[in-house]
Structures are given as structure tokens and as C-alpha cells.
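Biologist: I'm new to this one, so could you walk me through it slowly?
Modeller: Gladly; let's put it on the screen and begin with a term we will need.

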Amino acid sequence: MDDKTFRGAEPVANGTNTVTVRVNASQPAASGNGEMTIRPGENTQGQTGGEVEFLLKGRMYRSIKCLSDNSGEAQVFLVEGEEGQRVLKVYYPNFTIKKTLMRIIQNISMEMIVRIYDYGKTYVDGKNRDYELMEYLRGGSLNSYDLDGDFNQFRRIALQAAAALAYCHNYNIIHKDIKPGNYFFREADHKEIVLGDFGISSVLEGDEKVHRTTQARTPVFAAPEMYNDVIDGEVEITPAADFYSLGITLMTLWLGENPLSQNERVMMRKKNEGRLPRINELPDRVKMIVQGLTSVNPQTRWGYDEVERWFLGEDVKIDMSSPILKYRSFIVDPEKNLVADNVHELIPLLSRILLLTAILSISMQD
């Protein structure tokens with residue numbers, strides 16, 4: 001496969017006790033000691049004189065701290081070995097890594113995709129668990145980054161984030177969980193963005209254009225097509241779903257918070273209508289890229305090419321149409337401020353008016 005040249009590929013100028021656990025990749029550990037759990041941020045040495053060690057394929061790694069154990073799918077540790085510091089993700093027993101996906105990512109040579117050094121199976125207290133060993137991204141994630149209205153930095157982040165997505169798509173990978181917490185800065189200078197956490201990603205088979213997949217998603221960042229035409233818990237999506245999530249990610253980055261309601265039904269309706277809350281609070285150029293990436297129609301939604309043109313200062317066309325929102329607001333009763341923004345809201349209001357009219361008519365006849 002020919003690699004595409006991406007402008008974004010280069011940075012653009014301008015009081016709990018610990019336990020002693022040895023994880024051996026070749027032999028099951030002795031059982032009966034309970035499952036290893038270390039809380040996020042906890043120092044894993046010095047408190048009891050103990051030290052957590054992982055032995056993976058003959059190499060020893062000492063745990064520095066647990067970065068996360070509440071993701072629902074894995075525990076994530078910062079570890080140190082002969083090669084320096086790494087991040088070790090140890091999946092819970094009921095989760096299995098996708099080996100084909102891991103092989104593809106491991107063979108990708110692009111600085112904006114997280115480097116996977118190793119993956120496989122190991123044993124923790126006699127339980128077989130999958131693991132990934134990857135690079136340590138020292139700059140933290142977008143989730144904890146304060147942009148503080150820096151438009152030039154916003155431009156750089158947007159371009160690099162889009163380039164990372166396009167590169168994945170060139171290798172037939174749909175990420176499916178694009179959000180601020182899965183974009184990282186490689187170093188503390190916040191110049192280089194890296195895409196990580198491919199836990200629920202999918203690989204397109206052959207010449208497949210549309211991918212059938214489960215609804216596994218992070219709701220506030222999910223594209224509207226993740227909710228449409230659901231059959232037996234599965235939907236059909238394209239790589240454009242990732243770019244929609246990037247649009248919500250960039251909006252969240254600029255505002256400092258996600259503006260979407262936590263009510264998933266409300267979110268679904270707003271997304272399908274193409275009506276994002278607080279969109280008019282964004283500066284014109286920020287608003288343009290967010291609207292371009294969050295087009296309801298996946299076929300007219302922006303991809304990397306449009307983002308690059310936007311980065312270079314062009315005014316790129318935006319499709320604001322929605323298959324659901326085809327009418328202006330309906331003023332049902334101005335005195336009672338009954339207004340419907342769409343057909344779905346209009347029907348119950350009209351039903352209510354008709355019911356009240358019928359009741360009034362019967363009362364007058366009596």
C-alpha cells in the first residue's frame with residue numbers, strides 16, 4: 001500500500017498498601033493470592049518494601065505506578081525495564097486483544113500513531129490475560145490539556161489529529177473511540193500529537209467499504225450513524241465515523257468541556273439534526289472545522305484533505321443538511337410558547353392541541 005504524505009506528520013512551527021506480584025509470561029503464577037489491583041496514581045514501591053514486577057517473555061519490568069484500573073477493560077501501568085519506561089496494558093480475563101489489529105499497528109511507522117513494542121498473553125494469579133507493551137507518552141492526553149484559546153495550537157492539534165486518523169484509515173483501521181482521552185502529547189512541550197488506545201478498533205476486510213460492527217462507543221463523541229439502522233446490536237459505519245468524533249473532540253478542546261447532554265436520547269436527536277449545542281460560541285474558523293467534521297451525512301463529512309485545506313486558510317464547503325431536519329421551527333401556540341424545532345417535536349404538540357380542542361368542544365356541547 002502506498003503511503004500518503006500528510007502535512008500533519010511533522011510538527012508545524014509557530015495510604016494504600018502495595019503487593020509484591022510477579023507476572024510470568026511462560027508459567028502460571030501460583031493461585032490463591034487474589035487478583036492484583038493497584039489504584040491509579042499509586043506508587044508501587046517503598047510503602048511496604050514490596051515491588052510489583054512483570055516478567056514478559058523473559059524480560060523484567062518494574063511497575064512505577066498504576067495509571068488506570070477503571071476503564072472496564074484493562075489495568076494500565078507505567079513500568080520500567082532495560083529499554084526505559086514503557087506503558088503496560090493488562091486486559092481483564094474476559095477481554096481479548098485483536099491480533100490482526102495489533103500486528104498492523106506494530107508495523108506502522110508513523111510518529112503520530114502510538115508505538116506498540118510487544119503484545120501477547122501472560123498470567124496473573126493463574127488467570128490468562130492479554131497484554132500490550134507500548135511507548136510512554138509523557139505529555140499527557142488532550143483530556144487534561146488547557147488550550148486557553150490558543151488558535152495556532154488548535155490548528156496544529158487539528159491537523160496532526162486528522163493526519164493520524166487518515167493514516168489509520170489507509171491501513172484499513174477504524175478507531176471507533178476518538179475522544180480527547182485517546183489523543184496524547186508525546187512530550188511535555190505539547191508539540192506532537194499521538195493517537196492511542198485501539199481497544200475497540202476494527203479492521204476493514206479486503207475491499208470492504210462499509211463495516212458492520214457492534215455499538216461499542218463513547219456516546220458523547222459517537223457519530224450519528226452509530227445509532228441508526230441498528231440490527232441485532234450492530235450498525236454499519238465507514239471511516240468517516242472517526243472524523244465525526246474528531247469534530248466533537250476539537251469542539252470540546254476549544255470550549256474546555258463537552259457541550260453535549262449526557263442523556264443519550266437527547267444527544268442522538270441533536271446529532272441527527274446537525275444541531276450541536278454552543279456551536280455559535282466558537283470563533284468562525286473553529287466553527288468551520290467543527291461543522292465540517294460533524295456533517296450528518298458521512299459522504300459529505302470532512303476528511304483529512306478538507307482539514308488540511310482549512311489549515312492552509314481556505315474556506316472549505318460545509319454540508320449543513322440533515323435527512324431528519326427538513327423544516328423550519330413550527331410555532332404551534334405563540335401565547336403558550338409551544339414551538340417545535342422538528343417533526344418529532346411537532347407530532348406530540350399537535351396531538352396535545354387536538355386533544356384539548358376535542359375536550360373543549362365536548363364541554364361546549366354539554
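Modeller: A residue is called buried when its relative accessible area is under 20%, exposed when that value is over 50%, and partly exposed in between. Please also keep in mind that this is a predicted model.

Biologist: Okay, then is Glu80 buried, exposed or partly exposed?
Modeller: Glu80 has a relative accessible area of 30%, so Glu80 falls in the partly exposed class.

Biologist: And which residue does Glu80 form a salt bridge with?
Modeller: The partner is Arg62, and the closest N and O atoms of the two are 2.7 Å apart. Glu80 belongs to strand E4 (residues 74–81) and Arg62 to strand E3 (residues 59–68), so this salt bridge ties together parts that are 18 residues apart in sequence. Arg62 is partly exposed too, at 22% relative accessibility.

Biologist: Why can side chains of opposite charge pair?
Modeller: In general, such pairing can happen when the charged atoms come close.

Biologist: How many salt bridges are there in the whole structure?
Modeller: Searching the whole structure gives 16 salt bridges. One of them joins the side chains of Lys89 and Asp197, at 3.0 Å from N to O. Lys89 sits in strand E5 (residues 84–91), whereas Asp197 is in the loop between strand E10 (193–195) and strand E11 (202–203), so that pair ties together parts that are 108 residues apart in sequence.

Biologist: Is Lys89 buried or exposed?
Modeller: Lys89 counts as buried, with 6% relative accessibility, while Asp197 is partly exposed at 27%.

Biologist: What about Glu281, which residue does that one bridge to?
Modeller: Glu281 forms a salt bridge with Arg278, where the closest N and O atoms are 3.1 Å apart. Both ends are partly exposed, Glu281 with a relative accessible area of 48% and Arg278 with one of 30%.

Biologist: Which residues are linked in a network of salt bridges?
Modeller: Arg115, Glu135, Arg186 and Glu192 are linked in that way.

Biologist: Changing topic, which residues of helix H6 are buried?
Modeller: In H6, which covers residues 304–311, the buried ones are Tyr304, Val307, Glu308, Trp310 and Phe311. Looking down the axis of H6, these buried residues fall within an arc of 160°, so they line one face of the helix.

Biologist: And what covers them?
Modeller: The cover includes helix H2 (151–170), helix H3 (240–255) and helix H5 (284–293). Just after H6, Gly313 takes a positive phi of about 100°.

Biologist: I noticed Trp310 in your list, so which aromatic cluster is Trp310 in?
Modeller: Trp310 forms one aromatic cluster with Phe151, Phe154 and Trp254. The structure holds seven aromatic pairs, and among them Phe151 and Phe154 are stacked, at 6.3 Å centre to centre with 20° between the planes. These two phenylalanines are three residues apart in helix H2, which separates them by about one helical turn.

Biologist: Is Phe154 buried or exposed?
Modeller: Phe154 is buried, with a relative accessible area of 0%, whereas Phe151 is partly exposed at 28%.

Biologist: Last one, which residues make the nonpolar surface patch of about 280 Å²?
Modeller: That patch is made by Leu355, Leu356 and Ile359. Leu356 is found in helix H7 (residues 343–365), and at 41% relative accessibility Leu356 counts as partly exposed.

Definitions and conventions:
Residues numbered from 1 in each chain as written. Predicted model: local features only at pLDDT ≥ 70, side-chain atom pairs only at ≥ 80, totals over all residues. Heavy atoms only, no water. Buried < 20%, exposed > 50% of the residue type's maximum accessible area, 1.4 Å probe, protein only. Helix = DSSP H or I, 4+ residues; strand = E, 2+ residues; numbered from the N terminus. Arc of directions from axis to C-beta. Contact = heavy atoms within 4.5 Å. Salt bridge = Lys/Arg side-chain N within 4 Å of Asp/Glu carboxyl O. Patch = residues over 30% accessible without salt bridge, like charges linked within 9 Å, V, L, I, M, F, W, Y side chains within 5 Å. Areas by Shrake-Rupley, 256 points an atom, 1.4 Å probe, with all protein chains shown as cover. Phe/Tyr/Trp six-rings, centres within 6.5 Å; stacked < 30°, edge-to-face > 60°.
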